[in-house]
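Take a walk through this protein with the model open beside you. We will go from the whole chain to its core, then to its empty spaces, and end at two unusual loop residues.

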Amino acid sequence: MDISVLTLTPFIFLTFFSFSIYFLFFPSTKSKSKPQQGFKHYPFVGTLPLFLLNRHRFLDWSTEVLRNCRTNTSVFKRPGKVHGVITANPLVVEHILKTQFENYPKGERFISLLEDFLGRGIFNSDGEIWKVQRKTASYEFNTKSLRNFVMENVRVEIQSRLLPIFGKACETERILDLQDVLERFAFDNVCKLAFNYDPACLGGGGTSAAEFMRAFEDAANLSAGRFMYAFPGLYKVKKFFNIGSEKTLNESIAIVHKFAEDIIHSRLEEKKTTQIENDQDLLSRFMGDQNNSPQFLRDIIISFILAGRDTTSSALTWFFWILSSRHDVQQKILAELETIRTKARKEIGEMYSFDELRDMHYLQAAISETLRLYPPVPVDTKACRNDDVLPDGTFIGKSWFVTYHTYAMGRMESIWGKDYGEYSPERWLENGVCKTESPFRFPIFHAGPRMCLGKDMAYIQMKCIAAAVIEKFEVEMVEKKKSPKHLLSLTLRMENGLEVMIKKRERGLSI
């Protein structure tokens, strides 16, 4: 690396910092006289000063800004030609995710930031690479055999691990980190789906698997951190010298990749010597195409693990936190479960069938309302291929980014009405049936051609877990008056976990 670049870096930083402080604390008279509309931009440094001040609370800060914009859309500029648009407008979301889909790919900037970790898996690719993976995955996710495979794995994991852990914690009055428990559950479950491999993280077995899970979590958090640098290219300097967070990231990725590659290599060797039939996991299905290289298999499987582990565990963690203070919602869920159980002649503790889970409309409404306020993927970003004007009149230039802010959209009066800040499952119900919302108003599972293939499967899994737990246990918060802080990783997690006490649920309803 040119030593002069390193010499100039502190000078450049100090120059930007000085301008930031000046314009932040000594704004012009003109700026004072006008009401704030959108992200405030300063000469030379753009939005950087306010971004640095609010980076630790980016979601809530940017939500406040977008709420005060006429169209809930604003231009966002930082040094280093990082120009873009952040929006919470459903019309804009439909424009970029569907109407002008070809003009808004993932883009090289987004892909490059996550490529070390995710490679060119389905969630980090564009063009033909994406289309091939999407086509295969779309077919497989619509097969009944995969659905049955997932349902059976969830049932086994709930009955043999999750409920016994809750039961033991109840007996010993042990405090559990619910977020950690649910992440371990989801990790075991998705590894079975991806590899047909049981890491037994929830059960406490397998040190190499536990190391894989910890490394996976670190890799996800540190990869997300690259998006939050004040100067976008700074991570490349740290990566070149292999220092700080980039060194830790590199070590974590190495563990994740080796673990996945060892399983893939073993399965490929096994396939050469034995005729494997009826394997239902995703790896087996993608191995069916001889053109898929081991690296390609690794990338797509890691992408599915990321999607399956972090999203459902995040949603359920926030769900149980909300439920702990909403006795009325708990009673309505219990009443619904009682009706379904009585009709099916089931005892408490018996697992529900696929069709019975689909009949749990109030439970689905309660989960959907949680997803509205605490979306597992709070923001998502695309790149603009050619100059465009968005439906609300906002200009977006070639190579700019465009971020749709799912977290902010759940907090917009223009979308949800004056009670947008209230947790109300009833807003999802029409004549007792949970209605389907437009994916452009509620883009929790994305929308358009890249709509999440696992949406229905995710709801079924979450309802299966929630029903099994709620019927048998009460989940009480250790810190009842404290609201959890966000940990902005690639998904919306709680900063210090969620400490809970587990108690046996008393029989009978008090509606």
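Start with the whole chain, as seen in this predicted model. Of its 511 residues, 52% count as buried. The secondary structure comes to 20 helices and 13 strands. Now look at contacts between residues at least 6 apart in sequence. Of these, 73% join residues at least 24 apart.

Next, go to the largest nonpolar core. This core has 156 residues. Five of them touch the most other members: F117, F166, I305, F319 and I333. Which helix gives the most to this core? Helix α14, residues 294–323, does, with 16 residues.

Stay with α14 for a moment. Of its 30 residues, 25 are buried, so the helix is largely enclosed by the rest of the structure. Its length can be checked too. At 1.5 Å a residue, the 30 residues of α14 should span 44 Å. The C-alpha atoms at its ends are 43 Å apart, which agrees.

Now pick out I333, one of the five core residues just named. What does I333 contact, beyond its neighbours within four places in sequence? Its partners are F319, L323, Y362, L363, A366 and I470.

Turn to the empty spaces. Rolling a probe the size of a water molecule over the atoms shows where such space is left. A search of the whole structure finds three cavities of 30 Å³ or more. The largest cavity holds about 60 Å³ of space. Its lining is made of F320, L323, S324, Q330, I470, F473, E474, V475 and R505. Both α14 and β10 (473–477) supply at least two of these residues. The most come from β10, with three. By class, the lining has five nonpolar, two polar and two charged residues.

The second largest cavity has about 50 Å³ of space. Among the residues lining this cavity are L163, G349, C464 and K472. Helix α20 supplies the largest share of this lining, five residues. The classes here are six nonpolar, one polar and three charged.

Pockets are open spaces, and the second largest pocket has a volume of about 760 Å³. It is lined by 31 residues, and the closest to its centre are Q364, K455, D456, M457 and Y459. Four elements give two or more residues to the lining: α8 (144–172), α16 (354–358), α17 (361–373) and α20 (455–472). Of the elements, α20 gives the most, with seven residues. The lining divides into 15 nonpolar, nine polar and seven charged residues.

Focus on Q364, which lies in helix α17. Leaving aside neighbours within four places in sequence, Q364 is in contact with C434, Y459 and K463. Q364 and I460 are 96 residues apart along the chain, yet their C-alpha atoms are separated by 9.0 Å.

Finish with two backbone angles. Most residues other than glycine have a negative phi. What is the phi of N242? It is near 55 degrees, a positive value in a residue other than glycine. N242 lies in the loop between α11 (234–241) and α12 (244–273). With a relative accessible area of 34%, N242 is partly exposed.

S399 also has a positive phi, near 75 degrees, and is not a glycine. Its place is the loop between β6 (395–396) and β7 (401–405). Is S399 buried or exposed? S399 is exposed, because its relative accessible area is 61% and the cut-off for exposed is over 50%.

Terms used
Residues numbered from 1 in each chain as written. Predicted model: local features only at pLDDT ≥ 70, side-chain atom pairs only at ≥ 80, totals over all residues. Heavy atoms only, no water. Buried < 20%, exposed > 50% of the residue type's maximum accessible area, 1.4 Å probe, protein only. Core = buried A, V, L, I, M, F, W, Y, C linked by side-chain atoms within 4.5 Å. Contact = heavy atoms within 4.5 Å. Expected span 1.5 Å × (residues − 1). 1 Å grid on protein atoms, 1.4 Å probe; cavity = no way out; pocket = protein on both sides within 12 Å on 5 of 7 lines; lining within 4 Å. Points joined across faces, edges and corners; volume = space filled by probe spheres on them. Nonpolar A, V, L, I, M, F, W, Y, C, P; charged D, E, K, R; others polar.
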